[in-house]
Every structure is written in structure tokens, then in C-alpha cells.
Amino acid sequence: MRKLLRFALVAGALAGVLLLGLLAWSTGNASRFARYYDALLILNGVVALALFAWVMALTVKLVRQIRRRQFGARLTARFALAFTLIGVVPGALIYTLSVQFMSRSIESWFNVRVDSALEAGLNLGRAALDSLLADLDARARSMTAELNRASDSSIALTLTRLREANGVQEAMVFTGSGRMIAFSSNQYGQLMPALPPSTVLNQLRLSRGYSAAEADDPVQAEGGGALHLRVVIPLLPNERFDGLLGASAEPRWLQLLQPVPDQIAHNANLVQQGFRDYQELALARLGLRKLYGITLTLALLVSVFTAIAVALSLSKRLVRPLLRLAAGTQAVGVGDYRPLPEPPERDEVGQLTRSFNAMTRQLDEARRMVESNRQQLERSNVYLESVLSNLSSGVLVFDEAFRVTTVNQGAQTILQSDLRSVIGRPLETIDGMLPFAQVVRQAFAAHAAVGSERQHWQQQFEIQPVQAENAGAAHAFPAAHSSHGQSLTLLARGTHLRVDSRGNGYLVVFDDITELMSANRTVAWGEVARRLAHEIKNPLTPIQLSAERLAMKLADRLQPADRQMLERSTNTIVNQVSSLKHMVDDFREFARTPPAVMQRIDFNALVADVLSLYGWDPVEGLARDHVNSLNLEVNLAPELPAIEGDPTQLRQVIHNLLANARDAIAGQDEGLVRVSTQLTQAPQSEGVEHRALRFTVSDTGPGFSQQVMQRAFEPYVTTKSHGTGLGLAIVRKIVEEHGGRIDLANRREGGARISILLTRLAGAVDTLDASAQQQDNAATQ
């Protein structure tokens, strides 16, 4: 395509030069145009079509670029249109004026006055020549009388004398057959005269005379050469010729040649040539109009197409630096700050390119600084996120519209909810988070309303965990102990984040102090138990002894009826004192649990030993007839590893759990207690897992109520009509001293379940691997 366009450009330039040459050549002679009219028309048509195809190709290419939204195409089109208009409009104006001028000029050439003037000049020249011919004819006739009388021997001298007397340049006497008789001339270098041409001789036979103005050189007759006058007359009348010479005699003729004056000849030739050219132009007037019209039209087309070509070339040349700058801006937009090649010209575009390069260098430096600051900020953010993710406290950050912007893992663990999807949304959009969100909003509103000088607020409140409705589901042990369904006690601290003069967000930091509150209550109950054991037990023995002594001393002195009343009263005192002593002993046991004596224990054997007290036969695996027999379902995992623990305290734990299960199914005909042990994996700090032993006791009783579940491990919390409610508190205390965890939950199918996780294993051999090896050996056998 580029080669074709270059060829069309060269052809158009050559065609323009050719058209100008044809214009100058054809105006010199219109007859040439008539001979080459068809060839010129075809050639001009081919050139015009080639130029049109070239312009159309350029236009189509530009339109395609615009449709493809190629960058810079519209700007190139605008420049090309502007430059084209600059070249075409003046050309069209000149073309219109030229056509009008040409038409009027051609018409003025053939004006009637010019035609008459040329014809008058031609007639004037003819009249002058006719006058000279008449004068020469008169001289010739004056010479014929004397020549007719001269003899043949003297005719030459007579002819010379008469020629010189009449001032004639050349005189000759010749016969009708063309034979010369006498000749005389004033041109001494001329030896042989030229006889009259055959055309003159033929005319003499017809007209008996000849007179005319002739050119000296017939070839130069059309070019305006010298003229001479030729006059030929007979020497004797016809009758004399016929009488004297007879019918066979040849006639004689006198020829006089006289040159026309140079001025007259030159003027006559000019007038004749002008008249002839005028006649040719008159005949070719329509052809001239076509010639000039086609020439001007093609010149206009060449000018237009040249203007378009120059416009496109200039547009591309002018737009190219701008496109380079635009490409540079796009590169800057995608992060490419490489400098553009600077043009050598010291014009505005070069200055703009240099300014652009200076700007890109500054942007590159600024980008590097921003990148460095961003990396530092990212490192700070990573460090902050690491700190937040390792905080046990929950952290929530809200924007000014209370939309969550930051949440750490501690908040999700405490609230027992996946909060990753809440980023950018209010906390209320998460199921179960409405109470917590309302408490936070109210706390910030109250702090703002009070106008406290403190920058933060602190508040303690209770909420229900999100997973309370799934309390029966199996789960891991996230804390030292957990109770599904019990409320969480949170201690929250909030502050208003102020980055500028306007409030930009809110920060809430909260901790789960449920265990802390429970531990505080446990410590308080231990102190109460210690004081009760000290303050109450001391007067109980004197009271009991005094009552027994009263009964013993007064029994014989009272009437039978009074004696019976005394016995009943003293027995009541003694029994109640015994109950108080038993309660004080329980409190003392809770307050003063002896330190655990750790030793290697086979936990399955310990469980079986305790189960035997409730009628379970460890050999047959069935319940026996026993006063304390239970409907038991026992599932003890084989080959459990030994644990480190105090057998006495662990026995008390097992016994308390079985006693609570027995009390829970009391009154049920098909009540069932399930006991199981298994080896499991327990998560530790830093994501490390290790083996642990899980002991589970469940029953089909009514389960725990919501109120009891929230404070089940606190002293004196029970649903039974007897007992002090210290059983589960003692169990929890023993389990924690053994580094274990306890979990309390209601089963979905009804009843309660208590799970204990003991993490201190004494065995070094991995029993799980041993079991797998045994299974492989059994399969091989």
C-alpha cells in the first residue's frame, strides 16, 4: 500500500507537469490539440482516476483508524481537513475565476472588430501589391512595342536597354515551349535565369497573360519570406502571330520580375499570417474551451490531491510528536516513567517534550518515594496485623457510619462468630451480633452525651454467644473450660478515633472476662467456705453436746409426754448439727483441696474401678445386681496411654460425675448413663497439636437449665433437693489442677453431657501408631 501511494504521488506530480506543458504547447497552435485530443483526454482521465483512487485509499485508511478508535486518528483527521481546506478553497476560487476569465477571453478573441481589422489589413496589403503589379504591367506593355520591332539579333540589347530605362530588376523573353530568347538582369552574379514554373506556363496558354506577387522561396511562403512581382505578357497580338509566323510558329512572351519592397512584403506577410491564424482559432474555438477547461480541471484536481497529500503528510508530521507525548502519558498512567526521545529541534514541541521528560523524572522519584513509604506502611500494617491477630483481646474498628473496617482473630474467637465477611458493613448484619452492636452504639452515644473529658469509655456487659443454639454440637475446647449456651461477660473499652478535626471512626477493644468472673466467684466462695468452716464448726460441737446433755439430764425428771417432746427436740438439734457439720466439711474440702500427688495412672482401670461401685462388672461389661446399680453403656478405648494424675482426686471426679448422672435419671424407667474414653488430638499454643485423653459422661435426664448452665461450676448452684452444689465446682478445680479442660453441654436428643480433656500423658509410646501396626499385622495374617 505504501509503494502504491508513493507511485500515485509521483504519477500525480508528473501528470501535473505534463498538463502544464500541454497547456503551453497547445496554446501555441490549436491544430496540434485537434490531432492529439483523444490521447490527451485518455491520459488525463487515467491520471485523474489514479489520483482519485489514491485519495480514496488515504481516506479509507484514515476512516478505519477513526473507527478503531486508534489514538491520534481524530487529531490527524482534523489537521488534514484544516490543511486541505487551506489548499482547496483558494484553488477552487482561482479555478472559478480562471474558467470565467478563459471563457470571456476566448470570446473576446473573436470579437467583430478584430475580424474586420484583420480583413481590412489584408485587403490593404492586397491593394498595395495590386498597385505595384499594375505599374509593372504598364512598364511591360510599354516595352513590348519596341521589342516587337527588334530583330532576333538585337533583341537582347534592346531588352537590356529597356530594362534599365524602366528600372526593372529582371527581364526575359521566352517562347511558349519554355525556350529562352533573351535575358537581362541587374543581378550580375546570376548566370542562368529561372524559367517560369509550369503552373505559369499552363495559365499563359489559357489567359494570354499572368501577373502575381510571389514569394522568392515557396517553402518560406508560410513563414513570411521576401516577395517579388511577376508579370508575363505576349509580345505580339494573336492575329500577328497567326499571320506572320503561321499556325506552327511559337508565341513569345515578355516576363518582368520586380522585388517587392521589404517593408511592404514583411507587413503583407504578417497580415496574411495573422489572418490565417485567426481563422484557425475561430474554427477551433470550442476545442480551445475544452482544452483549457480540461487542463484547468485537471490542474485543480492535481492541486486538490496534492493539497490533501501535503495535508496528510504535514498532519502526520505535526501529530507524531503529540502522539509520542500522548503515548508517554499513557505509559505514565500504567507506571512506565521512561523518558521520551527528545527531538533535535528547539521549537515548542521539543520544549514540551523536555518538560514532559522532566515531569516523568519527578514522577518517577515521587513514585519511588511513595513505593518506599508504601512498603514501610505495609510492613507496619503486617506488624500491626500480626500484633492484632495474636492479641487475646477482641479489636473492632468502625468508620464514622459504624461500618466495620478492621476485625482481629481475638474478636471472632470471643464472639464465636466468623466476622471476615462483615468488612465494609455494619456489625448488625451478622446473625446474633445485634445485641453487641447495640451495646457498643449506646456506649458511644452515652459517652458523647455526657461530654466526659476522658478519651475513652469502659463498660461491662453480658451477651449470648452466637453458637448458643448449636450447644449440642461437638466442638474443640477453646478455653480452660466452656459451657455451651451460657452468656459471655465482656469488658469493653471504646474510644473515638480522630485523624483530623472531624471524627473518622471508632475503636472498641473487649475481653472475655467470663472465666475471670467465675474464678473471682470461686475465690470468693473459697473464702466464704473457709470462714464458714472456721466460724460455724466451732460452736456446732458445744451445741450438739449441750443438746445431748439436756436430753440425758432431763429425761428422768419429765413426764412421759414432756420426755418425748424433749427427745424429739434434742434429736432434731443433733441431726441438724450433723447436717451442718457435713456441709461445713464439704466447704472445707472445697476451700482446702490438698495438692495433687501426681503418679502414673491407668485411667481405664480407674474408671472401671469406680464403675464397679455402681454395679458394672468390668469382666462381663454388664451391670450387676447392686444397690447402686445403673443402666450403664460403657465404651472404654483399648490401649490408652497412661496419664499423670492424682488417683484419689480423679476418683472423686469420676464419682461426682456418675453421682450427678444417677440423680439426673432418677425416676426414669429406661434412664441410661453413657461413659466413654478415647484418645484424641488437642490443639495447643502456636497451632501445635498433641495427643490427649477425653473422658465423657452423658445421661438421658432433663439436662441443664439456661440459668444453671451459666453458673454450673460455681458453689451452691444445683437443681437437686439435697446436697450443697459443690460437686461440679470441685470437679472443675481438680481438672484445672491436672492441666485439663472441662466442657458442659446439653445433648440434642435430650440429657446432659460433660466432657473432660486430660492432656498430661505419661506414656512415651504412641498407642495410635501401635494400634495401626496391630491392624496391619492382623490384615496380613
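**Exercise 1. Pairing of strand 5**

In which sense do strand 1 (residues 170-175) and strand 5 pair, and over how many bridges? Determine also how strand 5 pairs with strand 4 and how far strand 5 is covered.

*Solution.* The model examined here is a predicted one.

Step 1. Strand 1 pairs with strand 5 in the antiparallel sense, and 6 bridges join the two. Within this pairing, Ala-171 stands opposite Leu-256 of strand 5.

Step 2. Strand 4 (residues 227-234) also pairs with strand 5 in the antiparallel sense, over 7 bridges. Here Val-232 has Gln-255 of strand 5 as its bridge partner.

Step 3. Strand 5 spans residues 252-259, and 6 of its 8 residues are buried, so that the strand is mostly covered.

Step 4. A general point helps in viewing the strands: side chains in a regular strand alternate between the two faces of the sheet.

**Exercise 2. The two sides of helix 6**

Identify the buried residues of helix 6 (residues 155-166) and explain how they are arranged about its axis.

*Solution.*

Step 1. Helix 6 has 12 residues, and the distance from its first C-alpha to its last is 16 Å, close to the 16 Å expected at 1.5 Å a residue.

Step 2. Its buried residues are Ile-155, Thr-158, Leu-159, Leu-162 and Arg-163. Viewed down the axis of helix 6, these buried residues fall within an arc of 130°, and therefore they line one face of the helix.

Step 3. The general rule behind such a pattern is that an α-helix has 3.6 residues a turn, so residues three or four places apart point the same way.

Step 4. On the face of helix 6 turned away from the buried side are the exposed residues Leu-157, Glu-164 and Ala-165.

Step 5. After helix 6 comes Gly-167, with a positive phi near 70°.

**Exercise 3. A salt bridge within helix 6**

Is Arg-163 buried or exposed? Classify its salt-bridge partner, Glu-164, in the same manner.

*Solution.*

Step 1. The side chains of Arg-163 and Glu-164 meet in a salt bridge, at 3.5 Å from N to O.

Step 2. Arg-163 has a relative accessibility of 5% and therefore counts as buried, the cut-off being under 20%.

Step 3. Glu-164 has a relative accessible area of 54% and is therefore exposed, the cut-off being over 50%.

Step 4. The salt bridge thus joins a buried residue, Arg-163, to an exposed one, Glu-164.

**Exercise 4. Salt bridges elsewhere in the model**

How many salt bridges are counted? Describe the pairs Asp-364 with Arg-368 and Arg-493 with Asp-511.

*Solution.*

Step 1. The count comes to 20 salt bridges.

Step 2. In the salt bridge of Asp-364 with Arg-368, the closest N and O atoms are 3.1 Å apart. Both residues belong to helix 11 (residues 348-390); because they are 4 residues apart, about one helical turn separates them.

Step 3. Asp-364 is buried, at a relative accessible area of 14%, whereas Arg-368 is exposed, at 53%. Asp-364 and Arg-368 are also linked with Arg-367 in a network of salt bridges.

Step 4. Arg-493 and Asp-511 form a salt bridge whose closest N and O atoms lie 2.9 Å apart. Arg-493 is in strand 10 (residues 488-497) and Asp-511 in strand 11 (residues 505-512), so the pair ties together parts that are 18 residues apart in sequence.

Step 5. Arg-493 counts as partly exposed, at 27% relative accessibility, while Asp-511 is buried, with a relative accessible area of 19%.

**Exercise 5. Positive phi and a nonpolar patch**

Locate Gln-416 and Glu-639 and state the phi of each. Which residues form a nonpolar patch on the surface?

*Solution.*

Step 1. Gln-416 lies in the loop between helix 12 (409-415) and helix 13 (434-450). Its phi is near 50°, a positive value in a residue other than glycine. At 28% relative accessibility, Gln-416 is partly exposed.

Step 2. Glu-639 is placed in the loop between strand 15 (632-636) and strand 16 (643-645). Its phi, near 55°, is likewise positive in a residue other than glycine. Glu-639 counts as partly exposed, at 41% relative accessibility.

Step 3. The nonpolar surface patch consists of Phe-52, Met-56 and Val-60, which together have about 260 Å² of accessible area. Met-56 is found in helix 3 (residues 37-67) and is partly exposed, at 38% relative accessibility.

Notes:
Residues numbered from 1 in each chain as written. Predicted model: local features only at pLDDT ≥ 70, side-chain atom pairs only at ≥ 80, totals over all residues. Heavy atoms only, no water. Patch = residues over 30% accessible without salt bridge, like charges linked within 9 Å, V, L, I, M, F, W, Y side chains within 5 Å. Areas by Shrake-Rupley, 256 points an atom, 1.4 Å probe, with all protein chains shown as cover. Salt bridge = Lys/Arg side-chain N within 4 Å of Asp/Glu carboxyl O. Buried < 20%, exposed > 50% of the residue type's maximum accessible area, 1.4 Å probe, protein only. Pairing = 2+ DSSP bridges. Expected span 1.5 Å × (residues − 1). Arc of directions from axis to C-beta.
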